[in-house]
Amino acid sequence: MSVDLELDRRTLDFRAEVRAWLAENVPDKPLDSFDTAAGFEQHREWEARLADARLSVVAWPEEFGGRDASLLEWVIFEEEYYAARAPGRVNQNGIFMLAPTLFTHGTPEQQRRILPKMARSDQVWAQAWSEPDAGSDIASLRSTATRTDDGWLLSGQKTWSSRATFADAAFGLFRSDPDSERHRGLTYLMFDLRADGVRVRPIPQLDGETGFAEIFLDDVFVPDSDVIGEPGDGWRVAMTTANNERGLSLRSPGRFLAAANRLLDLWQREGDPADTALAERVADAWIDARAYQLYTFETVTRLAEGGELGPESSVNKLFWSTLDLDLHETALDVLGPEAELRGDWLDGWLFSLAGPIYGGTDQVQRNTIAERLLGLPRGPR
Ligand SMILES: Cc1cc2nc3c(=O)[nH]c(=O)nc-3n(C[C@H](O)[C@H](O)[C@H](O)COP(=O)(O)OP(=O)(O)OC[C@H]3O[C@@H](n4cnc5c(N)ncnc54)[C@H](O)[C@@H]3O)c2cc1C
């Protein structure tokens with residue numbers, strides 16, 4: 001497939017508009033962490049400002065708050081967004097994971113009801129997938145959805161749900177057929193985090209922030225209208241979410257390009273030119289970030305021509321999680337002992353340690369690549 005790397009006039013104009021808006025509007029002082037109560041609300045307000053400028057969900061249709069931008073324009077938007085060091089996206093699990101799932105499997109009614117509120121972050125979403133005994137092996141989940149009049153009763157426990165402490169609603173998988181096993185008999189449902197029967201318990205982290213949470217569900221009523229896809233077909237729906245989490249949308253190249261450029265800048269200002277080994281690591285990190293950008297252009301071209309995100313999203317996930325870790329470790333080595341005083345790089349490094357875990361661990365991505373892309377025999381389970 002050939003990829004045209006020349007940006008056309010429309011894309012260049014769009015980039016100029018985004019760049020100018022961000023230069024004018026990105027707060028000088030970083031917002032508080034969105035894993036704190038105050039920071040969460042600051043980020044929600046920021047999202048409303050982005051939405052007013054129709055920049056919160058550029059690639060969505062206009063009727064839901066977007067501007068029908070192409071996927072390429074979205075990639076460009078992301079590059080500008082990260083280069084401007086704009087605030088993290090508090091509704092990322094909604095915008096980048098639930099929304100693509102609703103575009104593919106949701107009803108028109110669900111799309112009309114949910115997407116415009118998501119675009120403004122009037123409703124912020126959490127992902128409620130992991131359970132205490134079902135992480136990598138999500139098909140072993142035990143939370144249940146039991147049929148009742150006009151809907152379902154949800155029971156069970158979810159965990160490691162990012163920002164669930166402050167979010168409004170969540171999406172997750174539940175076993176709706178008690179006689180089913182593994183991937184069969186699962187249903188994909190949305191639920192209100194403040195509904196009767198829901199208890200959200202924050203998991204305090206070492207830094208004291210409490211965005212992470214466990215969610216306990218005790219006969220929580222969910223109407224039929226909050227099932228995504230068909231009851232019992234949840235696994236297929238979940239693969240759309242997972243492919244977006246691992247693949248294109250949650251981790252666009254802009255994030256790594258911006259960090260790689262900052263690393264280059266750091267090296268030029270503070271690096272020891274005699275340390276050629278470290279210089280090579282800086283160069284490698286920059287080259288990898290650029291390679292990920294070019295690979296993404298190829299993916300975007302393929303999708304624009306009608307292709308789908310499939311198991312190759314595991315290659316993406318493995319590449320960006322490794323790149324992020326290498327890049328931040330290199331920055332800390334450039335800084336030497338001073339690294340501990342440099343919160344910007346230290347925080348980024350701490351978060352990069354989680355990259356090989358969330359969204360499916362790197363080991364699990366390697367299994368997928370081996371079995372589904374390379375056709376190697378299935379390993380023991
Ligand atoms: C920062 C962060 C944010 C998160 N946010 C969310 C969220 O919002 N919502 C949510 O639902 N979850 C979230 N999670 C949870 C995350 O999805 C799980 O931690 C992840 O899927 C791994 O599951 P686990 O922790 O149960 O580990 P386990 O599945 O118990 O794995 C333990 C170890 O065994 C390895 N392993 C397991 N199975 C295999 C196998 N078949 N082959 C080879 N190795 C294997 C794993 O790679 C890992 O090293 C988040 C996690 C982190 C770190």
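How far is a nitrogen atom of the ligand from an N or O atom in the side chain of Asn367? In this predicted model, the distance between a nitrogen atom of the ligand and an N or O atom in the side chain of Asn367 is 3.0 Å. A ligand nitrogen is likewise placed 2.8 Å from an N or O atom in the side chain of Ser162, while for Trp160 the partner is a polar backbone atom, which lies 3.1 Å from a nitrogen atom of the ligand. Taken alone, the ligand would expose 970 Å², and the protein buries 66% of that area. Two elements give two or more residues to the shell around the ligand, namely strand 3 (151-161) and helix 11 (362-373).

The surroundings of the ligand comprise 16 residues, of which Ser130, Ser136, Trp160, Ser162 and Thr361 come nearest. When the residues of this shell are divided by character, six are nonpolar and 10 are polar, whereas no charged residue is found among them.

The position of the ligand can also be described in terms of the domains, into which the protein chain is divided as domain 1 (9-90), domain 2 (125-239) and domain 3 (251-373). Because residues of the shell around the ligand are given by both domain 2 (125-239) and domain 3 (251-373), the ligand lies between these two domains. The centres of domain 2 and domain 3, taken over C-alpha atoms, are separated by 31 Å.

Methods: Residues are numbered from 1 along each chain as its sequence is written. This is a predicted model: local features need pLDDT of at least 70, side-chain atom pairs count only at pLDDT 80 or more; totals for chains, interfaces and linings use all residues. Side-chain values use heavy atoms; hydrogens and water are left out. A residue is near a molecule or strand if one of its heavy atoms lies within 4 Å of it. A polar contact is a pair of N or O atoms within 3.5 Å; within protein, one must be able to donate a hydrogen and the other to accept it, and residues adjacent in sequence count only if both atoms are side-chain atoms. Accessible areas come from the Shrake-Rupley method with a 1.4 Å probe; for residues, only the protein chains shown count as cover. Helices (H or I, at least four residues) and strands (E, at least two) are DSSP runs, numbered from the N terminus. Ala, Val, Leu, Ile, Met, Phe, Trp, Tyr, Cys and Pro count as nonpolar, Asp, Glu, Lys and Arg as charged, and the others, Gly among them, as polar. Domain bounds come from an automatic or database domain assignment.
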